[in-house]
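Q: Could we go through this structure together? I would like to begin with the sheet.

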Amino acid sequence: MKNNELEDGISLFSRSVDMMEEDPLEEIFALNLGDFISEHLISDDLAAKIGKNVKNKNEGLKNQLKELISIYSLDNTLCVLGFSSKEDYIIYNSIAKNVVQMLDMDACHIYLTREFAKGLDKSDKDLILVGSSIDFDDDIYAHDIGYKIEDKTFVSDSFIKRETIEAKNPKLSNKFIPCEKLNEDKVKILTAIPMHNNANAVGVIVIESYADKFFKDEYLKLIEVTATLFSTSMSLQKLVEEASGLIEEPEVSANELQHMRAELTALIGDLGDQQQLFVKNLASAVDAKGQYKISHSENTANLARMICKKMGLNEKTTDLIYYAGLLQNIGKITLPESIFTHKGPLTPEEWSQLQNHPNVGINLLMNINFLSEVVPYIHYHKERWDGRGEPEGLRGCSIPLGSRIIAVADSFSAMTADRSYRKALLKEQALEEIKKESETKWDPAVVAALIEAVADDD
């Protein structure tokens, strides 16, 4: 299923006009118009025939629901779902620590509602702490940390209003109840980001700074879209469970099945849209961390897409290479900004961090399941056509094609952008530089496609 089909509102089960002529009733129901058509346009005789085939119709709808459920799986979401015990929630501690590292902040805490905090729902809190960047000496969940909605805190307000709330010196407000176990007596800046979508509000992500430091807009947008992605994933998992139960009911009505199918279709579409937004905002945050004055990642990705089209690659491969182009520098998101703003020589530790950032990025992507397909393209984009590259010394066509395309697009994008140590090259100059290393550093077929793409872009 292509994302643009979902964006354009095309039914997962729609067919051509020719197919509609062969089986119009199935198409009517596939478009969720069955009730309207039956009530207003179908003759009594035809309605009676439909009534006689309700069992078959229901089986068809159940099969369509099963197909929808198969499209959605845990492998296509963030790995934050399906937890039922305290041990499962350890991943939230890891997520919170990653957020702190990415944003150069001091603390992150993740709260879920009782409905979505399965296994922790014996708490009397409405919002339950499921993950924190703060290390606990004992069981984090034994402390039963959280909020009640009636507490009227910044966190509960963010949840109820579904708005991001940023508070400076929160301790001066009666809406802040500092938790000693979370070191909140040190907090000078608090940002509460609701985890919500059109279907549900599932929790709140709290980011804290112990200094007078708000984080950049690019970082805030990244956390906001991540929060929405989390909530959509959880809502979809809940709906899948409900749909699975509905399929097993022998007396379920066609109306119920149609309604469930419409809800699943909409949420799967939302998830696809939000995954795209997540990737784009992650790339923007990477560029902000790397001190790029222009969107280097987006320029690289767009150029990679143009090369793919010139090479006649299919849409799915092109999309994956586009995402890989956006995220080829993802490892920089975990580095401190001081490395990029540093004017003098780097310390050995800083240099080691900088050299290791591609590996860090790959590990991060491997934990974001729906992005796992782009990992090989990013992992091998520093290889060379002549086999003298990194990390494996792959040669020629043994290097993934996506990696070869990203390598050329990244280099051209970098050459044609200003850097602190040099001015940007003209397009013609950059092309000449790349042509010089065709068949040594770069795949000649990709270079040829680049030349065509740049010529068309002028």
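Q: What is the strand order in the open sheet of 6 strands?
A: In this predicted model, the order is β3-β2-β1-β6-β5-β4, and the pairing is antiparallel. At the edges stand β3 (146-147) and β4 (165-168), each with a single partner strand, so one side of each has no neighbour in the sheet.

Q: Which helix packs on the sheet and touches β1, β2 and β6?
A: That is α7, residues 90-103. The direction of α7 makes about 65 degrees with that of β2 (127-132).

Q: And what does helix α8 lie across?
A: Helix α8, residues 154-161, lies across β1, β2, β3, β4, β5 and β6. It runs at about 140 degrees to β6.

Q: Take V155, which is found in helix α8. Buried or exposed?
A: V155 has a relative accessible area of 2%, so it counts as buried. Apart from neighbours within four places in sequence, V155 is in contact with L127, Y147, A192, V204 and V206.

Q: What is the C-alpha separation of V155 and T191?
A: Their C-alpha atoms are separated by 8.7 Å, and the two residues are 36 residues apart along the chain.

Q: Back to the strands. How many residues of β6 are buried?
A: Strand β6 covers residues 201-209, and 9 of the 9 are buried, so the strand is largely enclosed by the rest of the structure.

Q: How many bridges join β1 to β6, and how many pair β5 with β6?
A: Strand β1 (residues 107-113) is joined to β6 by 6 bridges, running antiparallel. Within β1, C108 stands opposite I207 of β6. Strand β5 (residues 189-196) pairs with β6 over 8 bridges, also in the antiparallel sense. The bridge partner of A192 in β6 is V206.

Q: How many residues are in the hairpin connection from β5 to β6?
A: The hairpin joins β5 to β6 through 4 residues.

Q: What about the other neighbour, β4: how many bridges join it to β5?
A: There are 4 bridges between β4 and β5, which run antiparallel. I165 has A192 as its bridge partner in β5.

Q: Which side chains of β4 are buried, and which are not?
A: I165 and A167 point to one face and are buried, whereas E166 and K168 point to the other face and are not buried. In general, side chains of a regular strand alternate between the two faces of the sheet.

Q: Changing topic: which residues of helix α17 are buried?
A: In α17, residues 427-436, the buried residues include A430, L431 and I434. These residues cover an arc of only 100 degrees around the axis, which puts them on the same side of α17. As a general point, an α-helix has 3.6 residues a turn, so residues three or four places apart point the same way.

Q: Which helices do the buried residues of α17 pack against, and what is on the face turned away?
A: The buried residues pack against α16 (401-415) and α18 (444-457). The face turned away from the buried side carries the exposed residues E428 and K436.

Q: I406 lies in helix α16. What is its relative accessible area?
A: The value for I406 is 0%, and the residue is therefore buried. Beyond its neighbours within four places in sequence, I406 is in contact with T300, I321, A324, G325, Q328, Y377 and H381. The C-alpha atoms of I406 and I321 are separated by 7.3 Å, with their positions 85 residues apart along the chain.

Q: How many disulfides are there?
A: The count comes to 0 disulfides. C179, at 18% relative accessibility, counts as buried, while C397, at 63%, counts as exposed.

Q: Finally, confidence. What pLDDT does the chain average?
A: The chain averages a pLDDT of 77, and 73% of the residues score at least 70. The pLDDT is below 50 over residues 49-54, a stretch with 2 contacts in the model beyond near neighbours in sequence.

Q: And how many contacts does the model have for residues 357-362?
A: Beyond four places in sequence, the model has 10 contacts for residues 357-362, and pLDDT stays under 50 over this stretch.

Note on methods. Residues numbered from 1 in each chain as written. Predicted model: local features only at pLDDT ≥ 70, side-chain atom pairs only at ≥ 80, totals over all residues. Heavy atoms only, no water. Buried < 20%, exposed > 50% of the residue type's maximum accessible area, 1.4 Å probe, protein only. Helix = DSSP H or I, 4+ residues; strand = E, 2+ residues; numbered from the N terminus. Arc of directions from axis to C-beta. Contact = heavy atoms within 4.5 Å. pLDDT = per-residue confidence, 0-100. Pairing = 2+ DSSP bridges. Disulfide = S-S within 2.5 Å. Axes fitted to C-alpha atoms, helices over the stretch in contact; angles between N-to-C directions.
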